[in-house]
Amino acid sequence: MQWNEVTRIEVKGTQIAVKDAMIMLDGDATDPEWPTISCLPGEYILEINVPVPFYAHRARIRRIDSEPALGESLGTVDVDHAFVGFIDYEPFISAVREDPEAYEEWTMMELDDELAVNFSGEIEFGDTKLVYVKSGDGDGTYKVHELVDNDQTVGMECIFID
């Protein structure tokens with residue numbers, strides 16, 4: 001399978017989450033509402049498998065120095081806005097909690113505009129990033145798996161098209 005690099009993200013926390021890019025996080029939630037992995041801080045790369053132009057079959061985020069294999073199922077991610085986003089969960093939810101009004105405005109304006117013109121990429125919210133890709137057929141429920149290398153979780157993968 002051929003993977004194409006979209007962007008890189010510096011993970012400072014210990015959890016990466018995948019979510020519908022446009023659905024807002026609940027700042028009052030005590031646990032992530034979306035599939036997550038526990039991970040080590042460091043540089044991670046967002047990659048997509050796009051055998052047909054502008055039609056992603058898979059998206060994954062993995063530690064930069066890893067050669068991962070598909071691991072256990074983490075469940076599914078429901079997409080109602082055609083894009084999945086990956087976030088460094090703890091710093092991102094902290095930024096949301098610091099200024100929920102700015103987060104709401106950012107989601108409705110900057111993020112919405114960004115997704116309207118790009119197939120994949122990254123966008124900053126404060127000092128954090130959301131990295132994203134259009135999800136296969138757009139809206140749907142997609143499988144999410146952990147990625148493992150030497151028995152260690154090093155990322156996660158969304159499967160849009162088997």
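User: How many disulfides does the structure hold?

Analyst: The structure holds zero disulfides; the term stands for a pair of cysteine sulfur atoms within 2.5 Å. Do keep in mind that this is a predicted model, where local features need pLDDT of at least 70, side-chain atom pairs count only at pLDDT 80 or more, and totals for chains, interfaces and linings use all residues. Residues are numbered from 1 along each chain as its sequence is written, and side-chain values use heavy atoms, leaving out hydrogens and water.

User: How do you know that Cys-39 is in no disulfide?

Analyst: Its nearest cysteine sulfur belongs to Cys-158 and is 15 Å away, while the definition asks for sulfur atoms within 2.5 Å.

User: Why is Cys-158 called buried?

Analyst: Buried means under 20% relative accessible area, exposed over 50%, and partly exposed in between (1.4 Å probe, protein chains only). Cys-158 has 0%, so the word buried fits. Cys-39, at 8%, is called buried too.

User: What makes Thr-107 buried, and where is Thr-107?

Analyst: Its relative accessible area is 3%, so Thr-107 meets the cut-off for buried. Thr-107 lies in helix H2, residues 100-117; a helix is a DSSP run of H or I with at least four residues, a strand a run of E with at least two, both numbered from the N terminus.

User: Why do we say that strands S5 and S11 pair?

Analyst: Pairing needs at least two bridges found by DSSP between two strands. S5 (residues 58-63) and S11 (residues 152-159) have five, in the antiparallel sense, so they pair. In this pairing, Arg-60 stands opposite Glu-157 in S11.
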